[in-house]
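Reader: Hi! Could you walk me through this structure and explain the terms as we go?

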Amino acid sequence: GRSPPPLAALSQVLRLERNRRTGIVFPLQKLERYLAPGTDTARFRLFQPGLGALQRAEALFRSRRGHAIDYVSSAVRMDHAPPPALPEVCFIGRSNVGKSSLIRALFSLSPEVEVRVSKTPGHTKKMNFFKVGKYFTLVDMPGYGYRAPRDFVEMVEAYLQERRNLKRTFLLVDGVVGLQKTDHIAIEMLEEFGIPYVMVLTKIDRTSRRLLLKKVLEIQEFIKEKTQGCFPQLFLVSSLEFSGVHLLRCFVAHVTGNLPMVEAS
């Protein structure tokens with residue numbers, strides 16, 4: 001099979017010089033140094049696992065004998081979804097936000113896992129379920145907005161309301177353009193249903209540091225002032241450079257109950 005790309009494994013990242021290593025594992029913390037003196041940085045460090053927790057989380061995303069990571073099935077209706085036997089997380093976002101690319105980056109240490117990434121926005125038309133051993137299930141949801149499936153609202157609303165094993169929803173936001181009208185509609189839906197969620201800013205390699213920091217501060221302020229169910233810390237990722245991917249693996253492991261003790265570094 002294919003070999004994992006460079007920096008997909010934590011052991012490769014740890015070989016880098018300290019500044020670059022921090023930028024890949026904790027991209028939000030790397031932005032801290034550019035803040036004005038006196039700025040509250042508490043929401044930059046709410047989830048700050050140590051090396052041991054990051055390594056244990058990575059092991060969950062690495063398939064091996066007795067621990068298979070498999071695509072399970074796809075569904076357009078809830079009665080087609082696999083039984084809700086394991087803790088579950090789902091990833092939602094606008095079409096072309098980089099959702100499938102991020103899921104492929106998360107699973108990059110198990111190259112046999114087939115996550116389709118299309119050059120055409122709106123390629124994901126169904127809910128795609130991936131089983132991570134006996135630990136949790138990850139669901140790739142159809143994109144909303146441009147080229148969303150016709151029955152998107154019914155499909156997603158039913159899933160969010162009925163899926164009792166859903167532990168956290170990951171709402172992906174394009175780091176280049178920030179929150180869009182369709183994102184606000186998704187946020188309203190999650191808030192209305194009382195679904196705990198977290199925002200993930202994608203494509204951070206495609207924007208300047210100044211603009212990225214501006215977006216981060218705007219979105220963190222929005223989370224603080226306008227949301228109830230959103231985790232206060234924003235997660236930053238680049239599927240291309242693997243920035244934030246190791247931390248996101250750790251957070252997924254944590255919210256699914258597979259990393260109960262997350263020690264501070």
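Author: Happily; here is what the words stand for, beginning with the ground rules. This is a predicted model, where local features need pLDDT of at least 70, side-chain atom pairs count only at pLDDT 80 or more, and totals for chains, interfaces and linings use all residues. Residues are numbered from 1 along each chain as its sequence is written, and side-chain values use heavy atoms, with hydrogens and water left out.

Reader: Why is S243 called buried?

Author: Buried means under 20% relative accessible area, exposed over 50%, partly exposed in between (1.4 Å probe, protein chains only). S243 has 6% relative accessibility, so S243 counts as buried.

Reader: What does S243 touch, not counting residues up to four places away in sequence?

Author: Contact means heavy atoms within 4.5 Å. By that rule S243 touches G23, I24, P27, I204, L236, V237 and S238.

Reader: What makes strand β2 largely enclosed by the rest of the structure?

Author: Strands (E, at least two residues) and helices (H or I, at least four) are DSSP runs, numbered from the N terminus. In β2, residues 88-93, 6 of the 6 residues are buried, so the strand is largely enclosed. E88, C90 and I92 point one way, while V89, F91 and G93 point the other way.

Reader: How do you know that β2 and β4 pair?

Author: Two strands pair if DSSP finds at least two bridges between them. β2 and β4 (residues 136-140) have 4 bridges, in the parallel sense, and V89 stands opposite L138. β2 also runs parallel to β5 (residues 166-174), joined by 6 bridges; there, F91 has F170 as its bridge partner.
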